[in-house]
Amino acid sequence: MTHLVPDTEPGRAHVADGAGALETDLGLELNLAPGRRRHFWVLRRLAFGLLTLLAVSILVFFATQALPGDAARAILGHTATVERVALLRHELGLDRPLVVQYVSWLSHVATGRLGDSLVARVPVTELIGHRLVNSAVLVFLAAIIALPLSVIAGAVAGSRRDRAFDHGVVTATLGLTAVPEFVLGLILVILFSTTVFHVLPGVVLLAPGQNPLSHPRQLILPVTTLVLAVFPYLTRLVRGSVIDVYEAEYVRMARLKGVPERVVLRRHVLPNALVPAIQGAALTLAYLVGGIVVIEYLFNYPGLGSALTDAVSSRDLPVIQAIVLIFATAYIVFNLLGDLLTVYVTPRLRTAD
Amino acid sequence: MSRMDTMMTSSAPASERVPASSRGPGLLRRSLGQSRMRIGLVLSAFIVLVAVLGPLLAPHGAGELVGAPYQAPSRGLPLGTDYLGEDVFSRVLLGGWTVLWMSLAATVLGVGAGTVVGLLAGYSRSALDDVLMRIMDVFLSFPVMVLVLLFISMIGSKGWVIVIVVGLAWMPQVARVVRGATVEVVSREYVQSAEALGAPRRQILAREVLPNIATPLMVEFGLRLTWSIGLIAAISFLGQGLQPPAADWGLMIKQNRQGLTLQPWGVVVPVLLIALFTVGTNLMTEGISRTVARVTPPEGTA
């Protein structure tokens, strides 16, 4: 199981927190009947993910469609006559019962028809397609740097508890956890781009459709900001879990038997300490997805996050709906992945099969 | 902000009924023994002073033009002028108040609402628990910033709207922590004996459960406050919060960053103040939670 010692230190989190119903589900199902029940549990977890997604779609729909701000009014502007608004409402199907509207909206969304942007007057898919790719690139780059970096830093700090390196890591993460990511990003811009040194570009300048990887220098600051923003969480999680494992009975026993320290670390500590890190990594990915909203705006990066900010400013409902749904889906999928991977690598379950 | 929101929660393992000396004021006093608590307190107190007294001391009003845009610091204008030609120093003094009251109000609201939901769910011992927590799960399926933007786009960007939206964004996360702590407390003997004596639920919640989850609640309050400051500043930074001519640190950063190469102070000072504030509140939170950890040693091992 993945439970950590309940700890009062904010950085050493409960792994299960933020993972949906996993906390109870995992505990009950797996403790009672590991083994065969696992497939049943996986199916249940998948079904739960789908149900959550459905509930999310209901929330998004009612938040955007049912609240006072009316799409017809938004299209025509405040000067339009009541009759014209009523006519357009009829054309858009806004005068139908909400449930009917929701079902037809959902069937459109499910088949990829996301409607037209109210501002750009082009299909939403066309508008956000390449931005989705750009955002994925940003998240991917940040993740492949942040995940190994955090795991290594956390493991080294944990295995050298209370020594200089550990203190350095703890202090750094203390500061980094607190500071909001756009402030981190601005500090980097001030330091490296505009005011103190002038060594790195502080904005991303890309033509529409241009591959962000064609200007790697422009990506350094946004990616670094994201890495610094997510670094503390996983690092402290791994550190805490390494410390806990070192204190466990079987590790003490191995040491008493005279097993060399290196072997203890490799054979006993790391495999056990890294199980919570899987979920931590999944949550880090989920967190990165949320973090890009502000970071893309800050660096003028043409991704989904900056598109969402623009759409909110212009109240472009179809674009808001589409992007919010994409974000929520990514969030749910990453959480799901974390849960599933954790179940598959937990040694107790493997042996029970 | 949204930083690790759903992830970094902490709960004190209040394995026994917490002794009076280790909760509330007693806990705060003991935590002062920690250097991080003292540093955090000094930092936070400094920012609160700037935010509260600043508006009384500002030489110029919000929206008052005192010179050409992006002027360098000079006599009478210690931090120069901003993108419109307003006095940066005055706007720094004026702009902390909104950050302070909005983040405090959002935190009180979020922790309060989350506590109510968590207590109800944790002590219901019925389907209500599942219903409440599954609703919370739906809200947890969004990155916090996305959830906040979704609601702002529908309701607008007035100060109180942002307070409510940010508060509601924390509610599910607080509810989850409080529910966890409540379930644990409710299974203890003293709660069961109170039930056997026929004490009404409301009274048990108020007299037995609430005092015993006070420490995780305090830590939760500190975490949410830190993230509220960041989230609310970020909302203004995105241009979705307070609108000009309001003076607000987040908004100032947005307005002046185009001129960062000409006149950095309009960005640098608010950036530093927000950073110091969040580091200060976070250090205090850490100080409190470490003190709790010493009072009640963690139980069990992984």
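So, pLDDT is the predictor's confidence in each residue, on a scale from 0 to 100. I start there since what we have on the screen is a predicted model. For chain A, the mean pLDDT comes out at 80, with 84% of the residues at 70 or more. Where does chain A drop below 50? That's residues 1-33. Even so, this stretch has 96 contacts in the model beyond near neighbours in sequence, so to speak with a question mark from me.

Okay, the overall picture. Chain A has 14 helices and 0 strands, and if you read along the sequence it's α after α from start to finish. Chain B does likewise in its own pattern, with 12 helices and 0 strands. On burial, 45% of the 353 residues of chain A count as buried. For chain B, with 302 residues, the figure is 57%.

Then contacts. Take those with a separation of 6 or more: in chain A, 72% of them are between residues 24 or more positions apart, and in chain B that share is 74%.

Now to the core. The largest nonpolar core has 173 residues, and its members come from both chains. Which residues touch the most other members? On the chain A side they're A:Val230, A:Leu308 and A:Ile323, and on the chain B side B:Val146, B:Val148, B:Val166 and B:Ile232. As for helices, H11 of chain A, residues 261-299, gives the most to this core, with 21 residues.

Let me zoom in on A:Ile323 for a second. Leaving out residues up to four places away in sequence, A:Ile323 touches A:Ile128, A:Leu304, A:Ala307, A:Leu308 and A:Ala311. You'll recognise A:Leu308 from the list a moment ago.

Last stop, helix H2 of chain B, residues 35-57. How far apart should its ends be? At 1.5 Å a residue, its 23 residues should span 33 Å, and the end C-alpha atoms are 31 Å apart, which agrees. Still, H2(B) has a bend of about 30 degrees at B:Ala51, and within four residues there follows a proline, B:Pro55. B:Ala51 is also one of the buried residues of this helix. The others on that list are B:Met37, B:Gly40, B:Leu43, B:Ser44, B:Ile47, B:Val50 and B:Gly54.

That's my tour; happy to go back to any of it.

Note on methods:
Residues numbered from 1 in each chain as written. Chains lettered and ligands numbered in written order. Predicted model: local features only at pLDDT ≥ 70, side-chain atom pairs only at ≥ 80, totals over all residues. Core = buried A, V, L, I, M, F, W, Y, C linked by C-beta atoms within 7 Å. Buried ≥ 20, exposed ≤ 12 C-beta atoms within 10 Å, placed from the backbone. Helix = DSSP H or I, 4+ residues; strand = E, 2+ residues; numbered from the N terminus. Contact = placed C-beta atoms within 7 Å. Expected span 1.5 Å × (residues − 1). Bend = angle between axes of the 7 residues up to and from the residue.
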